[in-house]
Amino acid sequence: MEVQIEGGEGRAKNLPTWRSLDGKWYSKIFKKIIGEKDFTGYHFGMFCLVLFVFHGFYFWFGDWSFRLELRVL
């Protein structure tokens, strides 16, 4: 899906999306984790989707525990 949305440029360069300011704390954390790439609204949405997919079954089946959370992370 990401390849189809972003096209040949990648990293949401040509997408009309929100981009974080370089001085913000969350932008600095993202850049340390991913590299010197922009943190965009598109990428925030995709990360949230992935977290929801990996954690969704805990909420539906009520099996959440700290140990299982650490396993998922």
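Which residues does F39 touch, not counting residues up to four places away in sequence? That seems a good way into this predicted model, and here are my notes, starting with that residue.

1. **F39 and its neighbours.** F39 sits in the loop between α2 and α3. Its contacts, leaving aside residues up to four places away in sequence, are W18, R19, S20, Y26, F30, F44 and F47. With a relative accessibility of 11%, F39 counts as buried, because the cut-off for that label is under 20%. You can also check its distance to S27: the two are 12 residues apart in sequence, and their C-alpha atoms are 6.1 Å apart in space.

2. **The overall picture.** Stepping back, the protein has four helices and zero strands, so to speak a plain α-α-α-α pattern when read along the sequence. Of its 73 residues, 21% count as buried. The accessible surface comes to about 6100 Å², and carbon and sulfur atoms hold 65% of that area. Among contacts with a separation of 6 or more, 27% are between residues 24 or more positions apart.

3. **The two sides of α2.** Helix α2 covers residues 25–34, and its buried residues are S27, F30 and K31. These three lie on the same side of α2, because they cover an arc of only 100° around the axis. As a reminder, an α-helix has 3.6 residues a turn, so residues three or four places apart point the same way. The face turned away from the buried side of α2 carries W25, K32 and I33, which are exposed. Do look at K31 and K32 together on screen: K31 is buried, whereas K32 is exposed.

4. **What covers α2, and how it ends.** The cover over the buried residues of α2 includes α3. F30, one of those buried residues, is also among the contacts of F39. After α2 comes G35, with a positive phi near 120°.

5. **Length and bend of α3.** Helix α3 takes in residues 41–61, which makes 21 residues. At 1.5 Å a residue they should span 30 Å, and the end C-alpha atoms are 30 Å apart, so expectation and model agree. Along the way, α3 bends by about 45° at H55. That residue is also buried, as are Y42, H43, G56 and Y58 in α3.

6. **Leaving α3.** Just after α3 comes G62, where phi is positive at about 65°. A glycine with positive phi therefore deserves a glance in both places when you page through the model: G35 following α2 and G62 following α3.

Conventions: Residues numbered from 1 in each chain as written. Predicted model: local features only at pLDDT ≥ 70, side-chain atom pairs only at ≥ 80, totals over all residues. Heavy atoms only, no water. Helix = DSSP H or I, 4+ residues; strand = E, 2+ residues; numbered from the N terminus. Expected span 1.5 Å × (residues − 1). Bend = angle between axes of the 7 residues up to and from the residue. Buried < 20%, exposed > 50% of the residue type's maximum accessible area, 1.4 Å probe, protein only. Arc of directions from axis to C-beta. Contact = heavy atoms within 4.5 Å. Areas by Shrake-Rupley, 256 points an atom, 1.4 Å probe, with all protein chains shown as cover.
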